[in-house]
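Here is a short report on pockets, cysteines and one helix. Keep the 3D view open as you read.

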Amino acid sequence: MLRATAAASWLLAGLGILATAAIGKPGDTPTPAAEAYLSNVLNDPDSSAWAIATLKSTDDKRLLPLLKALARCGDEHRRRVATAALGELAGDEAVEALLERIHKDTARQVRREAAVRLAQLRQIPPSHLVEMLQDPDETIRCLAARGLLRRGHGQAAAETLRQLTGSKDLATACMGRVSLLGMGRREQLAPLRKLVQNDQTPPGVLMLLMEQIVEDKTSAAAELAEALTGPDKPVPLRLAAYRAISTVSDRAPVVMGNAIRNSRHMVFRVRLLNILASSRNAGVALRAVSERNETVGLLARFELMRADRPKEAADLACRVIAAGHPVVVGYLLDRARQDIDDRRAECGLYVPALRAYLDSFDSRVQTMQPEHVYVARAAALLIDLGEPQGLADLKKILAGRHCAFVRAVAAGLLQAKSRAACELARPLLKSPYSELVTDAALTLGRFGATDSAEHLRAMLENPGRYAGPEVVLASWYLLSIFGQPQAAAERLARQVR
């Protein structure tokens, strides 16, 4: 979490007087001040976007009344941000609110945002998508048509898609053609082939094309993706093309295995390996890559072993971490997070590598470095794994001499999903270093621990000393701790302007 900046201090200084006055005596409940602070930042055009995003990051569905009100407010930008947050947080529960934005909102960008979210929802009735096919906005019609196609109602959208192929907007026309191709209309392949072969086609349009192939699983478009894998193409586009190939082509393992072996660029090869490892029937290609005695070969061997040979995979993970390359460390951290969240492997295999990674850092360094981002992620993973020795290591680190490394580990508490983070955070409430106290209080507050209330309250009393998102979180956690989040969200909803 970022510390307070001069800009944040300037933005929040005016709110400090109001918040302090509302808090009143020490024995009073801080909820009126918390509500007052949130009402101010949510109604301020300069702060509303990050305030909404911060609240959404809590994944607390008790915020729904507030987000629905913000999606109806008088400011277009706030409505768009709130509409996106509503779709992400509420999912299928947001259908009616999103439909309301499409039917009633006067701003094109808000309506399009609502359409994007609706098209992604599983529970929206096809009849709503059919209705959206009549919308005057091309983008909304396109999203509705694609939504129908993904639900097996492509024929209902066929005429709309045919009309969209004549759009003056190249991206819209392209999406219409790919959708029709996915329905078996192979006459669309020739104009799409011409599009990807044209050096004048904007890379952004080609990126959208690759993303659509992945989302709609358009196997007939595999050759279009292969045409964009050449070394003359931008790396992000090439990676998007390989991702499309891995989704729809039976040739994916061969194509990507060859690309990994033929490239000399470490970052590109590691990212390709990540795509390969998630593709179907990747075993043969992974074994071919694993024969090379270098870092990417080690990663390929790790992928082959992590599912059913955890001890050997653990040894390989340690060797990979020892290589120290940031993209390789990031790869292993990503895979650990995926396995922990999905419970698809013996996740304890990651513990030795994570402990070794943290042990490699110099505690004398005082300035935060880019690699400290990985330290925070590694600490969060160890917490979520819950292995006693890993937790003991973190406890020892946090009790040690103050330095950039300790600050990074403390930041990892904020990313952890396990309540084990609370036991590590609690001693930090007595730290002489304010940033450690802040991270500890926010960690405890997230889990509703009452012993964080005093410190969260202090943040609310002096908002200019902290980054705005920290004070927003402190305010919401105080409302949760004092048992009033649902009622508070409804009251805040009535204050939205």
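α29 gives the most to the lining of the largest pocket: 5 residues. Keep in mind that this model is predicted.

**The two pockets**

Start with the largest pocket. Its lining takes at least two residues from each of α27 (434-446) and α29 (468-481). Nearest its centre lie S57, T58, L414, R446 and Y477.

Now turn to the second largest pocket. L143, R146, M175, L208 and E215 lie nearest its centre. Two or more lining residues come from each of α7 (108-120), α9 (138-150), α11 (170-182) and α13 (203-216). The largest share is from α9, with 5 residues.

The table sets out both pockets.

| Pocket | Volume | Lining residues | Lining by class |
|---|---|---|---|
| Largest pocket | about 450 Å³ | 17 residues | 7 nonpolar, 6 polar, 4 charged |
| Second largest pocket | about 390 Å³ | 16 residues | 7 nonpolar, 4 polar, 5 charged |

**Helix α11**

α11 helps to line the second largest pocket. Does its length fit that of a helix, and what should its 13 residues span? At 1.5 Å a residue, the expected span is 18 Å. The end C-alpha atoms of α11 are 18 Å apart, so the two values agree.

Is α11 mostly covered or mostly open? It is mostly covered, with 10 of its 13 residues buried. Among them are A171, T172, A173, C174 and M175. Further along, G176, V178, S179, L180 and L181 are buried too. These buried residues of α11 pack against α9, α10 (154-164), α12 (189-197) and α13. M175 appears twice in this picture: it is a buried residue of α11, and it is one of the residues nearest the centre of the second largest pocket.

Just after α11 comes G184. Its phi is positive, at about 100 degrees.

**Cysteines**

How many disulfides does the structure hold? The count is 0. A disulfide needs two cysteine sulfur atoms within 2.5 Å. C174 is in none, and its nearest cysteine sulfur, that of C142, is 9.5 Å away. C174 has 4% relative accessibility, so it counts as buried. C318 is in no disulfide either; the nearest cysteine sulfur, that of C347, is 15 Å away. Why does C318 count as partly exposed? Its relative accessibility is 25%, and partly exposed runs between the cut-offs of 20% and 50%.

Note on methods
Residues numbered from 1 in each chain as written. Predicted model: local features only at pLDDT ≥ 70, side-chain atom pairs only at ≥ 80, totals over all residues. Heavy atoms only, no water. 1 Å grid on protein atoms, 1.4 Å probe; cavity = no way out; pocket = protein on both sides within 12 Å on 5 of 7 lines; lining within 4 Å. Points joined across faces, edges and corners; volume = space filled by probe spheres on them. Helix = DSSP H or I, 4+ residues; strand = E, 2+ residues; numbered from the N terminus. Nonpolar A, V, L, I, M, F, W, Y, C, P; charged D, E, K, R; others polar. Buried < 20%, exposed > 50% of the residue type's maximum accessible area, 1.4 Å probe, protein only. Expected span 1.5 Å × (residues − 1). Contact = heavy atoms within 4.5 Å.
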